[in-house]
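This briefing concerns one helix of the structure shown below and a residue within it. The points that follow are grouped by topic.

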Amino acid sequence: MLMRKERRPAIRTLHGWAISVLNEAGAICECEVHGWQQDRADPHAHERAFDVARQDPPPGISPQAAAVAVAEVLDSIGDTCPECPPE
């Protein structure tokens, strides 16, 4: 039986690639109501995302630049949705 490996979607920007890596690692999630990205504050998921960035950067990007892109995205995402009322 022929097995096909699921292919990752094409990412057009380094920022989009970093969001994809963080999402796949479970480091970020999306607000179910408003769609904002939220940091899950999981240090293990953050480390997995940095490992992927260093080991499998996009073509033409150095491992250091990929890790910096992941860090910049993490720094730009909060842990709460800006549109959800405070609990």
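In this predicted model, His46 counts as buried because its relative accessibility is 18%, below the 20% cut-off for that class. His46 is found in helix α2, and the points below treat first this residue and then the helix.

**Surroundings of His46**
- The side chain of His46 makes a polar contact of 2.9 Å with the side chain of Asp39.
- When neighbours within four places in sequence are set aside, the residues in contact with His46 are Ala27, Asp39, Ala41 and Leu74.

**Extent and N-terminal end of α2**
- Helix α2 comprises 13 residues, 43-55.
- From first C-alpha to last, α2 reaches 18 Å, close to the 18 Å expected at 1.5 Å a residue.
- The N-terminal end of α2 is capped by Asp42, of which a side-chain oxygen lies 3.0 Å from the backbone nitrogen of His44.

**Buried and exposed faces of α2**
- His46 is one of the buried residues of α2, alongside Ala45, Ala49, Phe50 and Ala53.
- Viewed down the axis of α2, these buried residues fall within an arc of 140°, and they therefore line one face of the helix.
- In general, an α-helix has 3.6 residues a turn, so residues three or four places apart point the same way.
- His44 and Gln55 are exposed residues carried on the face of α2 that is turned away from its buried side.

**Cover over the buried side**
- The elements covering the buried residues of α2 include α1 (14-25), β2 (37-39) and α3 (63-76).

Methods
Residues numbered from 1 in each chain as written. Predicted model: local features only at pLDDT ≥ 70, side-chain atom pairs only at ≥ 80, totals over all residues. Heavy atoms only, no water. Helix = DSSP H or I, 4+ residues; strand = E, 2+ residues; numbered from the N terminus. Expected span 1.5 Å × (residues − 1). Buried < 20%, exposed > 50% of the residue type's maximum accessible area, 1.4 Å probe, protein only. Arc of directions from axis to C-beta. Contact = heavy atoms within 4.5 Å. Polar contact = N/O pair within 3.5 Å; in protein donor to acceptor, adjacent residues only side chain to side chain.
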